[in-house]
Amino acid sequence: MATPGNSKHRAWWKESSVYQIWPASFKDSNNDGIGDIPGIISELDYIKNLAVDIVWLCPSYKSPQVDMGYDISDYYSIADEYGTVEDVEKLISGCHDRGLKLLMDLVVNHTSDQHEWFKQSRSSKDNEYRNWYIWKPAKYDEQGNRQPPNNWVSHFQGSAWQWDEHTQEYYLHLFAVEQPDLNWEHPPVRKAVHDIMRFWLNKGCDGFRMDVINFISKDQKFPDGPINDPRTPWQSGDKWYANGPRLHEYLQDLGKILIEYDAFSVGEMPFVNDENEVLRAVQFGRNEINMIFNFAHVDIDHGKFGKFEPGSWKLTDLKDFFERWQTFMYENDGWNALYWENHDQPRSIDRYTNASEEHRLVASKMLATALALQAGTPFVYQGQELGSRNVPKSWGIEEYKDIDCLNHWKKIPKEDTAAQAIAMQEYQKKSRDNARTPVQWSAAENAGFTGPGVKPWMSVNTDYVRINAEAEIKDPNSTYHYWATVLKLRKEYLDIFVYGNFTLLDKPSQKIFAYTRQYGDQKILVVCHWTDKTLEWDAASNGITSVKQVLLNTYEGVELASQRFTGEQWALRPFEAVVLLV
């Protein structure tokens, strides 16, 4: 009999699921080609009917939009193109009226260079805001040439330091030049962040997704990073700016505010491979954050020197990742954030299954099954519930908007057509733009995202005629309705799927991802077939001797499916998934 494990620490956020919205691409209400908050409000019933519990709104604050709103110039105002603070208040009340909670994005490792704090900071070395950011004097080489304080590389290519001519010092920017890093060592910075949190929580916001929150504490020695990529002078410094010495002190300060409001929190924490470091952030009773986004499974196809190089992976790599974190969190009273997609990742059908259009529907359902029935809080990214796919392979570089892609492209010599061809291939596979195309609402012009004759801020994927919300709502067999069914099943068997343990089956298989969830003497088996062929799976050799009930199947109703899942050998169709009470 399985031990109930961490069931004594039940929490509403463990039993919830989240729907993520990228506001620029969700729905345009005023026909300016850009999605907005009134557009989101108009589709709250669509979200509610998906059976999710929380809506996560990506950054909508005032911003020059160098990095799509992750460069914030005013945390207390909303970008004009998205609406107003009053619109956010209406969104919060619209969510609450439907029993939904609203999560906002907290982006506080850095600001925009147009934020008043930074304008003041760079105005003079004596300004009271100077210490709000990370400023350092230049170093000089043997020839007397000015050099940055260290060799850290920015996440958007090039040095992570920018020279400021006016004050004759460098400032740190781990992302774009226009995104200077805040100095969390300076107490007024921390107080300012706490004030921002309280402002939105007092308006009824139910919590925050925290952007690169483990970057807020840096090693104050700022040493050079090791030479891992000899092709460039700029090297990763993540060892010294991720999970720094005061991180947990800062997170506990944030946690006190979150506890006060019974608020939800999920942290984006790249470069975390140490299980104990994760546990310090998410273990129940540590009072820091509820869960983090782990990155190993979304970096699985990256090349040796980064994501825009070809990489390869096996299903066993993916299964090893999930088994490690499922088991570790269960045994140590932690919690997982479960996701395939978000605004920074390509579409999961293309990344994880490479399914043809013939198998797109069943592959999308299989991925929903594999993910959402594990232990953790499931996250669904807009369009994922429709089985949306990556951008067309025919797109040229002129269609891409992502600063990460465009900066990478600029560094490829124009005459190196072979490198350009590889880059375009990798952009189509992994670019953040794959997730940022407008939501496909209907088969009408512009996919119903904006009005006819209006040019959307980003081109609509050309497959919208066959993949769109209007068609899927009408079709009971669609990906949209399947996601709702999976999330309802998770609630129906809450003890097992939320608080039960996880055991991986058929570990060596490169074709099957199977696991059991167990709570007390109740056990459910999830079997996901990961290929486009038919397959015989040996249930008996994996300890499955009897089936009480088929709960879900990606091809047919449970009554028909129950006739097939008997005996020792089970015939599985391409990308088939089945959930059984055993």
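## Close-up views of a predicted model

**Figure 1. Where domain 1 meets domain 2, there are zero salt bridges between them.** Everything shown here comes from a predicted model, so let's start with how its chain is divided. Domain 1 covers 15-110 + 187-480, domain 2 covers 116-172, and domain 3 covers 500-581. The centres of domain 1 and domain 2, taken over C-alpha atoms, lie 29 Å apart. To their contact, domain 1 brings 28 residues and domain 2 brings 18 residues. About 2000 Å² is buried between the two, and carbon and sulfur atoms give 66% of that area. Which three residues supply 33% of the area that domain 1 buries against domain 2? They are F222, D224 and W234, and no other three residues supply more.

**Figure 2. A salt bridge joins the side chains of R10 and D495.** Side chains of opposite charge can pair when their charged atoms come close. In this view, the N to O distance between R10 and D495 is 2.8 Å. R10 sits in the segment before β1 (18-21), while D495 belongs to helix α17 (residues 494-499), so this pair ties together parts that are 485 residues apart in sequence. The count for the model comes to 42 salt bridges.

**Figure 3. The second largest pocket has a volume of about 680 Å³.** Its lining is made of 27 residues, and those closest to the pocket's centre are D350, R351, N354, K393 and Q428. Two helices, α11 (348-353) and α14 (417-430), each supply at least two residues of this lining. Which element gives the largest share? That is α14, with five residues. Sorted by class, the lining of this pocket holds 11 charged, nine polar and seven nonpolar residues.

**Figure 4. The largest cavity has a volume of about 130 Å³.** Rolling a probe the size of a water molecule over the atoms shows where empty space is left. Five cavities of 30 Å³ or more are counted in the model. Around the largest cavity there are 15 lining residues, with N294, F321, W325, N336 and A337 the closest to its centre. Both α10 (315-331) and β14 (337-338) supply at least two residues of the lining, and α10 gives the most, with five residues. How many charged residues does the lining of the largest cavity have? There are no charged residues in this lining, which has 10 nonpolar and five polar ones.

How values were computed
Residues numbered from 1 in each chain as written. Predicted model: local features only at pLDDT ≥ 70, side-chain atom pairs only at ≥ 80, totals over all residues. Heavy atoms only, no water. 1 Å grid on protein atoms, 1.4 Å probe; cavity = no way out; pocket = protein on both sides within 12 Å on 5 of 7 lines; lining within 4 Å. Points joined across faces, edges and corners; volume = space filled by probe spheres on them. Helix = DSSP H or I, 4+ residues; strand = E, 2+ residues; numbered from the N terminus. Nonpolar A, V, L, I, M, F, W, Y, C, P; charged D, E, K, R; others polar. Contact = heavy atoms within 4.5 Å. Buried area = accessible area lost by both parts, 1.4 Å probe. Salt bridge = Lys/Arg side-chain N within 4 Å of Asp/Glu carboxyl O.
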